[in-house]
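Q: Could you walk me through reading this structure, one feature at a time?
A: Gladly; let us have it in front of us.

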Amino acid sequence: MSLFGSIREDVRCVLERDPAATSRAMVLLCYPGLHAVWAHRINHWLWSRKMRFLARAMSQITRFWTGVEIHPGARLGDGCLSITGWAW
């Protein structure tokens, strides 16, 4: 799945499961957990291509920005926000 396809699926999953999420714009702009997952996907891509310093530096920027830290070497499943991956 493409990066934008994953983002679209993540937003759809949040809209289906979170009654406080009233619009796509709200989910895109106001959910730091999602921002952390999206940044992790990029950071993990860098980590797996041996750009480890850059991946760690970017993960620290993401932690500062979102308050959520996910090590770039961690593996998240494709459907971490899908009905089987994310329990509300």
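Q: What share of the chain's residues count as buried?
A: Keep in mind that this is a predicted model. A residue counts as buried when its relative accessible area is under 20%. Here, 34% of the 88 residues in the chain are buried.

Q: Which secondary structure elements should I look for, and in what pattern?
A: You will find four helices and zero strands. Following the sequence, the pattern reads α-α-α-α.

Q: How do I read the contacts between residues far apart in sequence?
A: Start with contacts in the chain between residues at least 6 apart in sequence, then ask what portion spans at least 24. In this chain that portion is 47%.

Q: Is Ser59 buried or exposed?
A: The cut-off for buried is under 20% relative accessible area. Ser59 has 3%, so Ser59 is buried. Ser59 sits in helix α4, which covers residues 52-66. Leaving aside residues up to four places away in sequence, Ser59 touches Asn43, Ile70 and Pro72.

Q: And what does the surface look like by atom type?
A: The chain exposes about 5,900 Å², with carbon and sulfur atoms supplying 64% of that area.

Q: Which residues make the nonpolar surface patch?
A: Trp45, Met51 and Leu54 make a patch of about 280 Å². Trp45 belongs to helix α3, residues 32-48.

Q: How should I class Trp45 by its accessible area?
A: Partly exposed lies between the buried limit of 20% and the exposed limit of 50%. Trp45 has a relative accessible area of 44%, so Trp45 is partly exposed.

Terms used: Residues numbered from 1 in each chain as written. Predicted model: local features only at pLDDT ≥ 70, side-chain atom pairs only at ≥ 80, totals over all residues. Heavy atoms only, no water. Helix = DSSP H or I, 4+ residues; strand = E, 2+ residues; numbered from the N terminus. Buried < 20%, exposed > 50% of the residue type's maximum accessible area, 1.4 Å probe, protein only. Contact = heavy atoms within 4.5 Å. Areas by Shrake-Rupley, 256 points an atom, 1.4 Å probe, with all protein chains shown as cover. Patch = residues over 30% accessible without salt bridge, like charges linked within 9 Å, V, L, I, M, F, W, Y side chains within 5 Å. Salt bridge = Lys/Arg side-chain N within 4 Å of Asp/Glu carboxyl O.
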